[in-house]
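Hi everyone, thanks for making time. Could you pull up the model on your screens while I talk you through it?

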Amino acid sequence: MREDFNLPAPKPGADYLITVLRPEAPPPPEGYPVLYALDGRAVVEQLPEGAMARPGAPVIVAIGYDTERRFASAERARDYTPPDPDGRAVYDTHGRPAGGAAVFHDLITGVILPRAEALVPVDPARRTLWGHSFGGLFVLRSALQPEGAWFSHFVSASPSLWWDDMRYRFAVHAALALGARPSAPLDLHLGGAERERASLPPGEDVKPFIRMRAALPPDSHAELAADLARAGNPGGLTVFPGLSHGEAFGASLRETLRGFAGTGG
């Protein structure tokens, strides 16, 4: 079963398109586990064949944008990235408004979640939040915020730790050193060849992006996983050998879905 609904989004830009996919098996007595996944259009396109027929399959709430673009770059930069640690306005490398992660999290938990869960029986104790790249950064931030308690599991795939000249990366490590910890298990996923196979698009407008990405230390994600473990996080780092940043999207999604099989979510 598939049901779609739209929600208005800030203009200019596309409205939100939410796709709710229901497993083929009847729901367990407590309800289905549920996976909230960002970049919803790409998620639906990359779902493995027969994914909703597998044992333990979750409800998938694919949160995307009502556009033909597989990745809505301006909208996701606006919604997925964290605000400046000092509260200043944040812009992406193209000068577009960004830093709206707190507002977007409120939209997910306050509007999208109750509307989606009214369509299909789910277990509120088994909610997973998944995102890749900027989406991975959003998941990382959500896991470390008090409001992250809406979810029982987080999967941050290839989080863009280079964002905003690594200011958020530094803020995360500082918070963990002071005793912060994820509100639920947080797993990190990463392509093993993200640096070696990084794209180098032409044009002056992408130079700030390339510069920030290149400045990120190669062991940044492993360092983050280690600091999270020291803070008591039971999740870990999974590396997909040989995969690029883009290829890690599908690999992480498939790995996350496999995690539901036979585990009760």
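I'll go through the sheet, then the helices, then a few single residues.

Some ground rules before that. This is a predicted model, so local features need pLDDT of at least 70 and side-chain atom pairs count only at pLDDT 80 or more, while totals for chains, interfaces and linings use all residues. Residues are numbered from 1 along each chain as its sequence is written, and side-chain values use heavy atoms, with hydrogens and water left out. When I say helix or strand, I mean a DSSP run, numbered from the N terminus: H or I with at least four residues for helices, E with at least two for strands.

Okay, the sheet. Eight strands make an open sheet with mixed pairing, in the order 1-2-4-3-7-8-9-10. Pairing here means that DSSP finds at least two bridges between two strands. Which strands stand at the edges? Strand 1 (2–7) and strand 10 (237–240) do; each has a single partner strand, so one side of each is left without a neighbour in the sheet. On average, neighbouring strands of this sheet are turned by 20° against each other, direction ignored.

Find strand 4, residues 59–65. On one side, strand 2 (residues 16–21) runs antiparallel to strand 4, joined by six bridges, and Leu17 stands opposite Gly64 in strand 4. Strand 3 (residues 32–38) pairs with strand 4 too, in the parallel sense and over five bridges; there, Leu38 sits opposite Ile63. How many of the residues of strand 4 are buried? Seven of its seven, where buried means under 20% relative accessible area, exposed means over 50%, and partly exposed is in between (1.4 Å probe, protein chains only). Val59, Val61, Ile63 and Tyr65 point one way, and Ile60, Ala62 and Gly64 point the other way.

Further along, strand 7 (residues 122–132) and strand 8 (residues 153–157) run parallel, with five bridges. In that pair, Leu129 stands opposite Phe154.

Now for the helices. Helix 3 lies across strands 1, 2, 3, 4 and 7, at about 140° to strand 1. Helix 7 lies across strand 9 (186–191) and strand 10, at about 165° to strand 9. For these angles, axes are lines fitted to C-alpha atoms, for helices over the stretch in contact, and the angles run from 0 to 180 degrees between N-to-C directions.

Helix 3 (residues 101–117) also meets helix 4 (residues 134–143): their axes come within 11 Å and cross at roughly 80°. That makes the two roughly perpendicular, a label for 65 to 115 degrees; under 35 is roughly parallel, over 145 roughly antiparallel, and the rest oblique. Helix 3 brings Ala101, Ala102, Phe104, His105 and Ile108 to this contact, and helix 4 brings Phe138, Arg141 and Ser142. Contact, by the way, means heavy atoms within 4.5 Å.

How much of helix 4 is buried? Ten of its ten residues are, Arg141 and Ser142 among them.

Next door in the numbering is helix 5, residues 167–177, where Tyr168, Arg169, Val172, His173 and Leu176 are buried. They cover an arc of only 140° around the axis, which puts them on the same side of helix 5; the arc is that of the directions from the helix axis to the C-beta atoms. What covers them includes helix 4 and helix 7 (220–230). After helix 5 comes Gly179, with a positive phi near 110°.

Last, some single residues to click on. Ser133, in the loop between strand 7 and helix 4, isn't a glycine, yet its phi is positive, near 65°. Asp39 is a similar story: it isn't a glycine either, and its phi is about 55°. Asp39 sits in the loop between strand 3 and helix 1, buried at a relative accessible area of 3%.

Then there's Pro12, in the loop between strand 1 and strand 2; the peptide bond from Lys11 to Pro12 is cis, with omega near 0°.

Finally, try Met212 in helix 6 (residues 207–215). Met212 counts as buried at 8% relative accessibility, and touches Thr93, Trp162, Asp164 and Asp165, not counting residues up to four places away in sequence.
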